[in-house]
Amino acid sequence: MSLRKKWISEPAFNTFKKILPPLSATEREAMEAGSVWWDGELFRGKPDWSKLLAYGPSTLTFDEQSFLDNQVSTLLAMLDDHHIVNERREMPEAVWDYLKREGFFSLIIPKSYGGHDFSAYANSTIVARIATRSISAAVTVMVPNSLGPGELLMHYGTQQQKDRWLPGLAKGSEVPCFALTGPEAGSDAGGIPDTGVVCRAEFEGEEVLGIRLNWDKRYITLAPRATVLGLAFRLLDPDGLLGENREPGITCALIPTSHPGVEIGDRHFPMGLAFLNGTTRGQDVFIPLEWIIGGPDYAGRGWRMLVECLSAGRGISLPALGTASGHLATRSTGAYAYVRRQFGLSIGKFEGVQEALGRIGGLTYQLEATRRLTTRALDLNESPAIVTAISKYHMTEMARTVIDDALDVHAGKGIQMGPSNYLAHSYMGIPVAITVEGANILTRNLMIFGQGASRCHPYVLQELEAAANPDQQAGLDAFDILLFKHIRFALGNVFGAFWQGMTGGRLNSSPVAGETAGYYRQLTRMSKALALCADVAMLMMGGDLKRREMLSARLGDVLSHLYLASATLKFYEDNGRPVDELPFVHYAVGRNLYLIADALEGFLQNFPNRPMAFILKALIFPLGKRYKKPLDRHAQAISKQLMSTGGIRERLTWLCYIGEQSEPGLGQLERAFGAMLAVQGLEKTLADAQHDGTLPLKETLTTLLEQAREKGVLTETDIQRLLQADEWRRAAIAVDSFPAEVLARQSRQKTDDVA
Ligand SMILES: Cc1cc2nc3c(=O)[nH]c(=O)nc-3n(C[C@H](O)[C@H](O)[C@H](O)COP(=O)(O)OP(=O)(O)OC[C@H]3O[C@@H](n4cnc5c(N)ncnc54)[C@H](O)[C@@H]3O)c2cc1C
């Protein structure tokens, strides 16, 4: 044995094994699922920006664009979300029929089975556009196109299973749901108590090998209407009928809901929204072994299947809902801030409102940018588990912020429910998006850094594998090589971070020139700081870092904001660097850098080894933490653009359903907004006449206009335009009210329905 191995690698190997708790099979599968993409570059401290820009923009094919322009537009016109949510609590049959007939449930199913075979970007665009009109319809469409029977079958199904199910799923004659969650297993889905015991029993007149199932599931979307149930359970084989392994583990099967013993229970009522969600149970239900997705060979491989599919789906559906909230908030709040007047001014003239508009616009720009980059990865056949977890967490959190801001600006108008309220259902949908497909606290605290640290790091996963090698000598040999590579990497990060700190990152290269060049340099600098801190934290804290979620999540935040900022800069380049987008880029990326520095500071303040925290701080921020919150002038520039028609406002809200101009809600708001902007000049003429004393200062509009007519300040045509704009403005700020007996009748009706 070499001296290096004897004196350095072997003791380090033994310590490494001691501080790292052995990985469970479940943890290992979660860690190994998916691929590493742009996140790897960011984590390792050396992002190659030209690579990012070369990934290319997301585009829609002719068929995808046509589906959006035709089928999606027809669907949107059919949806009356107030009626669906508040009165019917379910989508009308005509809508269900249309969704099935036009293949809304088969966006991802291959054409050979009758599906559309659309890209991830198209899938996300379709779901997002529907969500600006109806969250309930969007969730209904989203579920069959994300984690569920369709996707599992395409990836793992046997040919026979694909032929049996995919054509029906594509046509909509089969409605799928997928049941993993139960009362005792939510976030800890790997711990489901539902079991399937391998046994022999009679099926269709013959004795066959199969599984006797018992399950109790809740929160299952589409279950109340499902014809095919995807079920996750723990497979047990006490009699060894399948082989040596008596506990093969989590397994997924497809079961027709008409199968004897399958019980579809009552509906839940998620935040009052109208998509279908409910329970399912089964007691001693026997199914043949062939119903396991992938066939008997896939017995016990369900967890890996779920983690892999979930890690891709997580980057599409909920980020699409988040982006839709941004588009809706941006479009409506800019217009509302202009047409709503208080203290004699548009409320958008007040700086407090501009601050909120700046946040709405800046974050929506980042939402759209991130949606595009993440779906781009998926369309490049990557399955980047960390990138999709970042997208799920941050995009639903950003959606929460923009919808909160939008509601604050709309105030009472956003609160009073009815057909005129275009924001309330998005607001109600936020907790759903936050909770499903990995609840957000868990996603931030356990997944982003937890998975990122081992997957994105160039050596840690291999070191873990070496430590777990049952052949001690082979493990040590591999570890020895890895350790010295790791030491070189770590030393490079130490010197690199210090150099970055001393030069302020100014000497880093940038793939572009102009106002955004500095951001690339600063992000490279912070990427190096992350590589250093992550390495030191893993080395000094080992397995304890996993339990210290507050510390590790902050490093996850750094990685996340590096990713979000990259997406934003790429989006700006893909769009051809339009000048009117610069305030949005400054706002969003400036905020990312500020939050990165904040997260690093929080990490260092709480790092248990104080001398090391001091050294790290001196290396990373030798001249102090210099990133600032987004500047007021950027928020003001954004708010100005959101209160004007055309340009970036159109491009940033292109997914928004607006509807007919006379339609209560966004249609009426847009009409008023356009009309009020068009009479801006006339309003100024009136105001000037008031100031020079020609017209009185305090009068109702009608009286003022009468006097303006008498004194020749305005022509008759001008007066009619002002009156029309004001009428439309009043319609746009109006809220719904209902006679008490109508509400009482609806309430009685609902009680009767439930009974
Ligand atoms: C509307 C809706 C639709 C759904 N649709 C489906 C479906 O179709 N199929 C299906 O199988 N399931 C579905 N679910 C279930 C969903 O995936 C779970 O609700 C989710 O996994 C969280 O489980 P829980 O609600 O039991 O929360 P819990 O697991 O009880 O978690 C409570 C809180 O603790 C946090 N937490 C838990 N563990 C940790 C940790 N280690 N570190 C940090 N924080 C942690 C969570 O983040 C959460 O904030 C749906 C749920 C809802 C509400």
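## A first look at the structure

Let's start with one residue: K625 has 29% relative accessibility, so it counts as partly exposed. In these terms, buried means under 20% relative accessible area, exposed means over 50%, and partly exposed lies in between, with a 1.4 Å probe and protein chains only.

Before going further, please note that this is a predicted model, in which local features need pLDDT of at least 70 and side-chain atom pairs count only at pLDDT 80 or more, while totals for chains, interfaces and linings use all residues. Residues are numbered from 1 along each chain as its sequence is written, and side-chain values use heavy atoms, with hydrogens and water left out.

**The chain as a whole**

The protein chain contains 32 helices and 9 strands; these are DSSP runs (helices H or I, at least four residues; strands E, at least two), numbered from the N terminus. Along the principal axes, the C-alpha atoms fill a box of roughly 105 × 75 × 45 Å. The radius of gyration of the protein chain is 29 Å, which agrees with the value near 27 Å for a compact globule of 755 residues. That radius is taken over C-alpha atoms, and the globule rule is 2.2 Å times the number of residues to the power 0.38. Of the 755 residues, 57% are buried.

**Salt bridges**

How many salt bridges does the structure hold? There are 32, each being a side-chain nitrogen of Lys or Arg within 4 Å of a carboxyl oxygen of Asp or Glu.

One of them joins the side chains of E663 and R133, at 3.6 Å from N to O. This pair links distant parts of the chain, 530 residues apart: E663 is in the loop between helix 27 (647-652) and helix 28 (666-678), and R133 is in the loop between helix 8 (120-131) and helix 9 (135-142).

K625, our opening residue, pairs with D598, and their closest N and O atoms are 3.5 Å apart. K625 sits in the loop between helix 25 (610-620) and helix 26 (632-642) while D598 belongs to helix 24 (residues 582-606), so this bridge ties together parts that are 27 residues apart in sequence.

Another bridge connects R729 with D726, with 3.0 Å between the closest N and O atoms. Both residues lie in helix 31 (residues 716-733), 3 residues apart, about one turn of the helix. Elsewhere, R331, R649, E650 and E670 are joined into one network by salt bridges that share partners.

Here is how accessible some of these partners are:

| Residue | Relative accessible area | Class |
|---|---|---|
| R133 | 19% | buried |
| D598 | 34% | partly exposed |
| R729 | 14% | buried |
| D726 | 15% | buried |

**Around the ligand**

Which residues come nearest to the ligand? They are L180, T181, S187, Y219 and E549, out of 20 around it; a residue counts as near if one of its heavy atoms lies within 4 Å. By class, this shell has 13 nonpolar, 6 polar and 1 charged residues.

A backbone N or O atom of L180 is 2.8 Å from an oxygen atom of the ligand, and for L442 a backbone N or O atom lies 3.1 Å from a ligand oxygen atom. The side chain of E549 has an N or O atom 2.8 Å from a nitrogen atom of the ligand. On its own the ligand has 980 Å² of accessible area, and the protein covers 68% of that (Shrake-Rupley method, 1.4 Å probe). Strand 1 (176-179), strand 3 (206-221), helix 17 (424-435) and helix 18 (440-456) are the elements that give two or more residues to the shell.

How values were computed. A polar contact is a pair of N or O atoms within 3.5 Å; within protein, one must be able to donate a hydrogen and the other to accept it, and residues adjacent in sequence count only if both atoms are side-chain atoms. Ala, Val, Leu, Ile, Met, Phe, Trp, Tyr, Cys and Pro count as nonpolar, Asp, Glu, Lys and Arg as charged, and the others, Gly among them, as polar.
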